[in-house]
Amino acid sequence: MATKKNNPFLLDISWAAGQAQGTSRDVEFNFPSLHFEPDLAIRDLNGKVTTIVSEDGVMIRGRLTAETELECTRCLDVFPHQLEISFAEMYVFSRSQDEVNELEERRLPPDGYIDLEPLFREYALLDIPIKHICSPECKGLCPVCGGNLNKEDCGHRQEKIDPRMAVLKQLLDDEE
Ligand SMILES: [Zn+2]
Ligand SMILES: [Zn+2]
């Protein structure tokens, strides 16, 4: 098993030293619920992380799915969002830090463990859209009473649009 007791995200890659290029190992991850600081909560993280020995380090490939909850930016309702946490990162055995920086590769930690938590967090965040809309048809909130227009018809919508359209029409007329 490739994890330390106190941190379930630590991936043991010490076995990889001296292994033939292309040797690989899978580790399964299943977490019913997780909280990534400061503000990302996810459920049902499932999938696997594959370690593949390369010429001068290891490739860590993750293929996981999870679910999170987002707040719709239009109607403010909370809705579930499926996450694909998918990544491939190279880690190199000891080299000069300059060279590592240049290649944008990560250096293998000397203790032989890679902390996957920042990777899970980073790639989960990448799969969250900038605009969270619960559905393309989301009608948003009523600008008059704040009611959720997906759930109720408060009757304000029509009144609100008409005067604005009238103003716009007036402006267009004035321009001519
Ligand atoms: Zn919405
Ligand atoms: Zn209303």
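**Two zinc sites and their surroundings**

G140 sits in the loop that runs between α2 (117-126) and α3 (156-175). In this predicted model, G140 is buried, because its relative accessible area of 5% falls under the 20% limit. Leaving aside residues up to four places away in sequence, G140 touches R74, C75, G147, N148, L149 and N150. K151, eleven residues along the sequence from G140, has its C-alpha atom 9.8 Å from that of G140.

One of the residues touched by G140, C75, leads to the metal sites. The zinc ion (ligand 1) is held by four sulfur donors, namely the SG atoms of C72, C75, C134 and C138, at 2.3 to 2.4 Å. Along the chain, these donor residues follow the pattern C-x2-C-x58-C-x3-C. The angles subtended by the four donor atoms run from 104 to 113 degrees, so the arrangement around the zinc ion (ligand 1) is tetrahedral. For reference, the ideal angle for four tetrahedral donors is 109.5 degrees. As for solvent, C72 and C75 are both buried.

The zinc ion (ligand 2) has a donor set that includes a histidine nitrogen: the SG atoms of C142, C145 and C154 are joined by ND1 of H156, with distances of 2.0 to 2.3 Å. Here the spacing in sequence is C-x2-C-x8-C-x1-H. This site, too, is tetrahedral, with angles of 105 to 116 degrees among the four donor atoms. Two of its cysteines can be described by their accessibility. C145 has a relative accessible area of 43% and is therefore partly exposed, while C154 counts as partly exposed because its value is 26%.

Some backbone features also deserve a look. Most residues other than glycine have a negative phi, and most peptide bonds are trans. Against that background, L76 has a positive phi, near 65 degrees. L76 is placed in the loop between β4 (57-71) and β5, and with a relative accessible area of 45% it is partly exposed. A positive phi is found at D44 as well, near 50 degrees. D44, however, belongs to strand β3; its relative accessible area is 43%, so D44 is partly exposed. The peptide bond between E37 and P38 is cis, with omega at about 0 degrees. P38 itself lies in the loop linking β2 (24-36) to β3 (40-53).

Strand β5, which spans residues 78-92, contains E89. What is the environment of this acidic side chain, buried or exposed? E89 counts as buried, because its relative accessibility is 11%, under the cut-off of 20%. Its side chain is joined to that of Y123 by a polar contact of 2.3 Å. Beyond residues up to four places away in sequence, the neighbours that E89 touches are V58, M59, I60, R106, L119 and Y123. Y123 thus appears both in the polar contact and in the list of residues touched by E89.

Definitions and conventions: Residues numbered from 1 in each chain as written. Chains lettered and ligands numbered in written order. Predicted model: local features only at pLDDT ≥ 70, side-chain atom pairs only at ≥ 80, totals over all residues. Heavy atoms only, no water. Helix = DSSP H or I, 4+ residues; strand = E, 2+ residues; numbered from the N terminus. Buried < 20%, exposed > 50% of the residue type's maximum accessible area, 1.4 Å probe, protein only. Polar contact = N/O pair within 3.5 Å; in protein donor to acceptor, adjacent residues only side chain to side chain. Contact = heavy atoms within 4.5 Å. Donors = N, O, S within 2.8 Å, 3.2 Å for Na, K, Ca; no water. Tetrahedral: all angles 85-135°; square planar, octahedral: opposite > 155°, others 65-115°.
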